[in-house]
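Let us take a walk through a protein model together, one stop at a time. Have a look at it first, and then read on.

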Amino acid sequence: MSAFKSDFLRILSERGFIHQMSDETGLDELFAKEIVTGYIGFDPTAPSLHAGGLIQIMMLHWMQKTGHRPIALMGGGTGMVGDPSFKDEARKLMTLETIADNIASIKQVFTNYLTFGEGPRDALMVDNGEWLRKLNYLEFLRDVGAHFSVNRMLSFDSVKLRLDRQQSLSFLEFNYMVLQAYDFVELNKRYGTRLQMGGSDQWGNIINGIDLGHRMDTPQLYALTSPLLTTSSGAKMGKSMNGAVWLNPDMLSAYDFWQYWRNTEDADVERFLKLYTTMPMDEIARLAVLGGSEINEAKKVLATEVTAMLHGREAAEQAAETARKTFEEGALAETLPTVTVPAAEIEAGLGVLSLFVAAGLAASNGEARRHVKGGAVRVNDETIEDDRRIVSRDDLTAEGVIKLSLGRKKHVLVRPA
């Protein structure tokens, strides 16, 4: 580990954020002597980012916390093209309306990690559609395209991977790296941006921007990438058995988000505490040495701290308390995720398979049937052995709900509407 002079790089280094830097010494000196503006780009391919993008948001958070200015760049322009980096096939093209809706939805998450405003250290959220959509194609080809070597672009791993597999790479996608490089130059011109950060898969694209800056006479630009994270068992960050771990609360509840982090593998606890919380390093070191069943306490701390940053302390502690009541006391916690079902349907009786599908605990009747055969399905804590079991008003608890459980950790309350 290098002995960095700047707080920002020292913190990023000791917490495990740094994979590569373009000029370690130069960047460290820049951070040590002035307020640096840096950015990360986010493609609005969905109405929410997922937990896989949290490492990037945390890098922006630490940048601001150490006295610098972060920019969250929304890809309102590049989102019309789609980043081909390490993708097997082209992304589906989105309409302008969908892109605008996604950006508006994504914005709400950033306010939990960054302070926005007009001050020299206040974060900015910028949309590259502001300049990319106004470009004159012929002028852009002449002024910017002339600086790019197709031979070099073909040598990038992200492009070679597609071509080696003989998978089509459209001219539209090929332009993505040109547009991303131009973003870096444009952000330098508009905001004095000197640093672009991103995941390690973005290294080639970021270096392109630095090279373009040299040719277009910007001050020295810098690159910093974070490692592409997987869990110890090789699973992709931000994915769970039930799909993406969304950051927006309307797409994933605080309780389900808390549960995702509570289920962290033992070997990942220390690493995730460093990356995804702002807890002091000595406290993380204390939790990291816990062994046996005590490691579960460290996982609860991780889940609560990560959830508190996104959803607020109150929601995080409520999620922790709901889990405690459900798993440790076996009590019915009213704060469990809830679905409503028309009272008439409960009156008439519903098949247990279709009810589990309606509650989001299974994707299909066939999947629910397999869970029944595996002994994982419970209604009001009673294991269901008959996949033709009918759930009706007789199953309503004293609280007027029906508790559905899949395994030990997934619970949903069904409430008559």
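A residue counts as buried when its relative accessible area is under 20%, as exposed when the value is over 50%, and as partly exposed in between. Keep that rule in mind, because Arg389, at 19% relative accessibility, counts as buried. The model you are looking at is predicted. Arg389 forms a salt bridge with Glu382, with 3.6 Å from N to O. Its partner Glu382 counts as partly exposed because its relative accessibility is 42%.

Now step back to see the whole chain. You can find 19 helices and 15 strands in it, and its C-alpha atoms fill a box of roughly 75 × 50 × 40 Å along the principal axes. Of its 417 residues, 49% count as buried. The accessible surface comes to about 19400 Å², and carbon and sulfur atoms supply 49% of that area. If you take the contacts with a separation of 6 or more, 73% of them are between residues 24 or more positions apart.

Leu406 lets you see what such a contact looks like. This residue sits in strand 14, which covers residues 402-406. Is Leu406 buried or exposed? With a relative accessible area of 12%, Leu406 is buried. Leaving aside residues up to four places away in sequence, Leu406 touches Phe356, Leu361, His371, Ala376 and Val377. Ala376 is 30 residues from Leu406 in sequence, yet their C-alpha atoms are 5.4 Å apart in space.

Helices can pack in a similar spirit. In helix 13 (residues 269-276), the buried residues are Val269, Phe272, Leu273, Leu275 and Tyr276. Which helices do these buried residues pack against? Their neighbours are helix 3 (54-65), helix 12 (254-262), helix 14 (281-288) and helix 15 (295-311). On helix 15 you can also find Lys300, which is partly exposed because its relative accessible area is 21%. The C-alpha atoms of Lys300 and Ala323 are 9.7 Å apart, with their positions 23 residues apart in sequence.

Next, turn to the charges. The chain carries 45 positive and 55 negative side chains, and the centres of these two sets lie 2 Å apart. How many salt bridges are there? The count comes to 20. One of them joins Arg286 and Glu283 at 2.9 Å, N to O. Both residues lie in helix 14, 3 residues apart, which is about one turn of the helix. Arg286 is partly exposed at 45% relative accessibility, and Glu283 is partly exposed at 27%.

Another salt bridge, at 3.0 Å from N to O, brings together Glu347 and Arg393. This pair links distant parts of the chain, 46 residues apart: Glu347 is in helix 17 (residues 343-348), while Arg393 is in the loop between strand 13 (390-391) and strand 14. Glu347 has a relative accessible area of 48% and is partly exposed; Arg393, at 49%, is partly exposed too. Salt bridges can also join up: Glu130, Glu186, Lys189 and Arg190 are linked in a network of them.

Our last stop is a nonpolar patch on the surface. Tyr137, Leu138, Leu141 and Phe171 make this patch of about 470 Å². Its largest share, 3 residues, comes from helix 6 (residues 137-143). Leu141 is in that helix, and its relative accessible area of 38% makes it partly exposed.

Technical notes. Residues are numbered from 1 along each chain as its sequence is written. This is a predicted model: local features need pLDDT of at least 70, side-chain atom pairs count only at pLDDT 80 or more; totals for chains, interfaces and linings use all residues. Side-chain values use heavy atoms; hydrogens and water are left out. Helices (H or I, at least four residues) and strands (E, at least two) are DSSP runs, numbered from the N terminus. Buried means under 20% relative accessible area, exposed over 50%, partly exposed in between (1.4 Å probe, protein chains only). Contact means heavy atoms within 4.5 Å. Accessible areas come from the Shrake-Rupley method with a 1.4 Å probe; for residues, only the protein chains shown count as cover. Lys and Arg count as positive and Asp and Glu as negative; His and the chain ends are not counted. The place of a charge is taken as NZ of Lys, CZ of Arg, CG of Asp or CD of Glu. Patches are made of residues with over 30% relative accessible area and no salt bridge: like charges are joined within 9 Å, nonpolar side chains (Val, Leu, Ile, Met, Phe, Trp, Tyr) within 5 Å. A salt bridge is a side-chain nitrogen of Lys or Arg within 4 Å of a carboxyl oxygen of Asp or Glu.
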